[in-house]
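Good morning. Please have a look at the structure on the screen before I start.

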Protein chains: 2
Amino acid sequence: MANETFLRACRRQPAEYTPVWLMRQAGRYMKEYMAIRERHTFLEMCKTPELACEVTLQPVKAFDLDAAIIFADILLPLEGMGIKLEFAKNEGPQIGNPVRTRKDIDAIRIINPDEDVPYLLKAIGMVKAELDGRVPLIGFSGAPFTLASYIIEGEGSRNYIHTKSLMYGDGGAWKAFMEKIADVITVYLKAQIAAGAQAVQLFDSWVGCLGPDDYREFALPYTKRVIDGIKNTVPVINFSTNTGTYLDVIGKAGGDVIGVDWRVRLDEAWKTVGHDTAIQGNLDPVVLFAPRQEIRRRVKELLGMAGGRPGHIFNLGHGIIVGTPVDNVKALVDSVHEFSRR
Amino acid sequence: MANETFLRACRRQPAEYTPVWLMRQAGRYMKEYMAIRERHTFLEMCKTPELACEVTLQPVKAFDLDAAIIFADILLPLEGMGIKLEFAKNEGPQIGNPVRTRKDIDAIRIINPDEDVPYLLKAIGMVKAELDGRVPLIGFSGAPFTLASYIIEGEGSRNYIHTKSLMYGDGGAWKAFMEKIADVITVYLKAQIAAGAQAVQLFDSWVGCLGPDDYREFALPYTKRVIDGIKNTVPVINFSTNTGTYLDVIGKAGGDVIGVDWRVRLDEAWKTVGHDTAIQGNLDPVVLFAPRQEIRRRVKELLGMAGGRPGHIFNLGHGIIVGTPVDNVKALVDSVHEFSRR
């Protein structure tokens, strides 16, 4: 690899500067992305390796990022599981047959990645060839709780009533469902790794609707099952949001790197997780709408909280927001390098 | 007062059992409420003292609650400030002229409650007469950050881009705006207290979009300004959500009672806030969709975390959700009393 800073940070090895990549770095804030998006649906982009490859590389070409992340959606494994997925125009994805009963759960299939997501594996291979070792490529999946709650609710949710009703009301069904989902995610990530992904991230964007005890009982065992299942392959980033009150429990699920949002100070988060684990984060994505000098000031402050300790991967606390000024993204990436260079 | 358990808990005095009330206890989950709502708009209900009074009393009559809370909306003070407020059918409130510039901020007026919210003050008087000392009546307001962000965004928001852009980009304008809002809230709460409210709650439902350092700089001074402004009148409940990672900072804003959501264990939250302050919370509202025995189990568990220490007010971690089974609300209230009776 020409640039090993990201992989070194995953392993808490010293690097010449703090590596940075940004969640949803390939996205609608870039005009290059929109030029493609205007001619194709989101799913078409995911399912056409040439397009997914091109879009994956756009931010790596535009900014001095230290990792690429494959362009995909956390819901791509659903079709192979027997779940009907639709992306309505200008709206989030909708599931035609949300899972609500034990019978629904029993009908779910474990995917075969070669048959069910061949386009993704092909896109990973193409990106790897194009990158030619310039920066590492990250694969990813939704974490078990986030994927399960999407499948149960059928769409974005405010209160997760169906999910928690199943969880609280039928513990056996919940366990069976989560074990299946964990197994799907495990084969899905293994296939991405076999295709060339050099690290993987689990996105648990919705798990913060659970309190600490519910997380421990209803989510942790299944995230752990996934992480244990891909042990000794590539570094794993365990990312979640709204879980800052129980990062100690999140850490118990595993992961070489714990990804945190901005609701917790990075120094405190790292202390809670333990310095024997790497940490990723955690600038508020809205800071990218602030004046340039404020962005630089906050980058410096955040790097100060990381204290120069090996094992910090700079990132936002959640994905880049549509409308983010591209020049500010460049300023962010460059200032991370400038201020952290040793 | 026939029932002083709530007020005693606010002051951390022993009571014969743990008092319980529920945020949004007057609401669409009750058929009595819907019978009125079907014939009137939400704003009509707020602005007609007879209706607001009736709706306030509905849950107190249906359940063995230890406090009433006046039926109102956190956005009621806006009209007097010169903000145009509309409740679109089946949608959240919309603001016609969201505040974005220093000029907008300068145009905001401090309200005169007697002229701007006479209906609310009249409703409080009517409720007090009807309750006749049965249980205390709680008044409330949005907290400065939550109110400010609503006025700036103009509607519900996902990322608070306009709010944070002003905050990060023009600190002077932010300060001027927040001081004005704090002064509005102070006179608004003072008027409710003068009209008969025996405790008040500040709802900071949106402030959890801020990290701890931003809360300290951009929200805390103004919440503190409000609480200091009504000191030595009635107990103040300082409630916020998604702030579990910095309850120590929240506590510094003041309040006789700190209200917390379910993302933090109650025992840990109380320890963080300090046992010299009362605590309110924090059952996940979705637990009310669970089987009866699971609700009872969790009530018992939560009371166990409070440890029988005077100063716990049982509540949900956020408002009751539409669709909540009424029988489960009754089971919750009764089991709090049953399990906590000393």
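I will go through the two chains, then a sheet, then one helix, and end with the core. Keep in mind throughout that this is a predicted model.

First, the two copies. A turn of 180° with a shift of 0.0 Å along the axis lays chain A on chain B, and the RMSD is 0.0 Å. The copies are therefore related as by a two-fold rotation axis. Which residue of chain A has its C-alpha nearest that axis? That is A:Thr245, at 2.6 Å. Both copies use the same surface, since 100% of the contact residues of chain A recur in chain B.

Next, the sheet in chain A. The sheet is open and has seven strands, in the order E1-E4-E5-E6-E7-E8-E9, with parallel pairing. Strands E1 (68-69) and E9 of chain A are at the edges with a single partner strand each, so one side of each has no neighbour in the sheet. For one pairing inside the sheet, take E6 and E7 of chain A. E6 covers residues 236-240, E7 covers residues 257-259, and three bridges join these parallel strands. In one of the bridges, A:Ile237 has A:Val257 of E7(A) as its partner.

Now the helix, H16 of chain A. This helix runs over residues 292-306, which is 15 residues. From first C-alpha to last it reaches 21 Å, close to the 21 Å expected at 1.5 Å a residue. Which residues of H16(A) are buried? They are A:Ile295, A:Arg298, A:Val299, A:Leu302, A:Leu303 and A:Ala306. Why do they line one face of the helix? Seen down the axis of H16(A), the buried residues fall within an arc of 135°, so they share one face. A:Gln293 and A:Gly304, on the other side of H16(A), are exposed.

What do the buried residues of H16(A) pack against? Their partners in chain A are two helices, H15 (266-273) and H17 (326-340), and two strands, E8 (278-283) and E9 (312-316). E9 is the edge strand I mentioned with the sheet. After H16(A) comes A:Gly307, with a positive phi near 70°.

Last, the core. The largest nonpolar core has 239 residues, and those touching the most other members are A:Ile70, A:Ile138, B:Ile70 and B:Ile138. Take B:Ile70 as the example. Setting aside neighbours within four places in sequence, its contacts include B:Thr56, B:Ala123, B:Ile124, B:Val127 and B:Ala197. B:Ile138 is also among the contacts of B:Ile70.

That is the end of the talk.

Definitions and conventions. Residues are numbered from 1 along each chain as its sequence is written. Chains are lettered from A and ligands numbered from 1 in the order in which they are written. This is a predicted model: local features need pLDDT of at least 70, side-chain atom pairs count only at pLDDT 80 or more; totals for chains, interfaces and linings use all residues. Helices (H or I, at least four residues) and strands (E, at least two) are DSSP runs, numbered from the N terminus. The expected span of a helix is 1.5 Å times one less than its number of residues. A residue is buried if 20 or more other C-beta atoms lie within 10 Å of its own, exposed if 12 or fewer, and partly exposed in between; C-beta atoms are placed from the backbone. The arc is that of the directions from the helix axis to the C-beta atoms. Two residues are in contact if their C-beta atoms, placed from the backbone, lie within 7 Å. A nonpolar core is a set of buried Ala, Val, Leu, Ile, Met, Phe, Trp, Tyr and Cys residues joined through C-beta atoms within 7 Å. Copies are superposed by least squares on the C-alpha atoms of residues with pLDDT of at least 70 in both. Two strands pair if DSSP finds at least two bridges between them.
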